Amino acid sequence: MQILASLVTVVIFINILGVVGAVEGDSASKKSGCGKKGGSGSGGQGGNCANITAAVTYIQAFSPQIKAHTLDTRAAFVNADTTQGDWQFQGKVFRAWETQETSTVPLNRFLTQVNQDYIFTTASSVSGFGANGVVAYVYPSQICGSIPLLGASNSAAGDHYYTTDAHEHASLTSGGWSDAGISGYVLPLDDAVTEHGMEWRSYLVLFPV
Ligand SMILES: *[C@@H]1O[C@H](CO)[C@@H](O)[C@H](O)[C@H]1NC(C)=O
């Protein structure tokens, strides 16, 4: 009696979010106006998620002239640089929406003229800062595969910096910056997982025949 081991590739469907059928249910049952339910249930939040295909990439830019970091789309900075700014591109930070989508809220930009410091938050006002427009639409809580947008503040320099990288944020806060909290919840840059809320993995499985 001989057992032959045969090497077979089995593709296993893994739902990274642990929400079975969330995405399939999304396209079929997407309705506007039912966004507030997102994240409250044990699964099945797909119908309340924003349209991932419509999300765009936001970058961070820095102005040496006013010593300020800020966030916007690259196109916005291209236009600002051409007209009057000196924004240097610092890299991609996250993805979010330029128009309001299911379950999203405005990510507001606030500015103080005192030291040209920009703050990003879903709050509707910031003490000492003036409203400076809506820069994106983001989730108000961690739903639909979103991640926190973390703020750090250097009050001596009058600068805020935003990242989705917890290690980067921790480096700044342990290096003299203060934690400025979570600005909102955004999509990660890597959409291999979040594009479909799932990931295909290949496994080599040995079994007897
Ligand atoms: C999602 O966004 C894409 C790109 O903007 C658009 O083509 C598509 O129709 C949208 N889907 C839904 C269900 O709104």
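What share of the contacts in the chain with a separation of 6 or more do residues 24 or more positions apart account for?

**View 1. Overview of the predicted chain and its contacts.** In this predicted model, residues 24 or more positions apart account for 68% of the contacts in the chain with a separation of 6 or more. The secondary structure comes to 4 helices and 11 strands, and of the 209 residues in the chain, 33% are buried.

**View 2. The surroundings of Gly184 in strand S10.** Gly184 lies in strand S10, which covers residues 178-186, and it counts as buried because 27 C-beta neighbours are found inside 10 Å, where 20 or more are required. When residues up to four places away in sequence are not counted, Gly184 touches Leu107, Thr122, Val138, Tyr139, Pro140 and Leu149. Ser141 is 43 residues apart from Gly184 in sequence, while the C-alpha atoms of the two residues are 6.9 Å apart in space.

**View 3. The largest nonpolar core, with Val138 among its members.** This core has 32 residues, of which Ala96, Ala136 and Val138 touch the most other members. Two or more residues are given to the core by each of strands S3 (68-73), S4 (88-96), S5 (105-112), S6 (117-121), S7 (130-138), S8 (147-154), S9 (159-163) and S10, and S7 gives the most, with 4 residues. Leaving aside residues up to four places away in sequence, Val138 touches Ala96, Thr104, Val105, Leu107 and Thr122, together with Gly184, Tyr185 and Val186; the contact with Gly184 links this view to the preceding one. In soluble globular proteins, nonpolar side chains tend to be buried together.

**View 4. The open sheet of 3 strands and the helix that packs on it.** The strands of this open sheet follow the order S3-S2-S4, and their pairing is antiparallel. S3 and S4 stand at the edges and each has a single partner strand, so one side of each is left without a neighbour in the sheet. On average, and with direction ignored, neighbouring strands of this sheet are turned by 30° against each other. Helix H2, made up of residues 74-83, packs on the sheet and touches S2, S3 and S4, with its direction making about 120° with that of S3.

**View 5. The pairing of strands S2 and S3.** Strand S2, which spans residues 56-63, pairs with S3 in the antiparallel sense over 6 bridges. Within this part of the sheet, Ile59 has Asp72 in S3 as its bridge partner.

Key:
Residues are numbered from 1 along each chain as its sequence is written. This is a predicted model: local features need pLDDT of at least 70, side-chain atom pairs count only at pLDDT 80 or more; totals for chains, interfaces and linings use all residues. A residue is buried if 20 or more other C-beta atoms lie within 10 Å of its own, exposed if 12 or fewer, and partly exposed in between; C-beta atoms are placed from the backbone. Two residues are in contact if their C-beta atoms, placed from the backbone, lie within 7 Å. A nonpolar core is a set of buried Ala, Val, Leu, Ile, Met, Phe, Trp, Tyr and Cys residues joined through C-beta atoms within 7 Å. Two strands pair if DSSP finds at least two bridges between them. Axes are lines fitted to C-alpha atoms, for helices over the stretch in contact, and angles run from 0 to 180 degrees between N-to-C directions.
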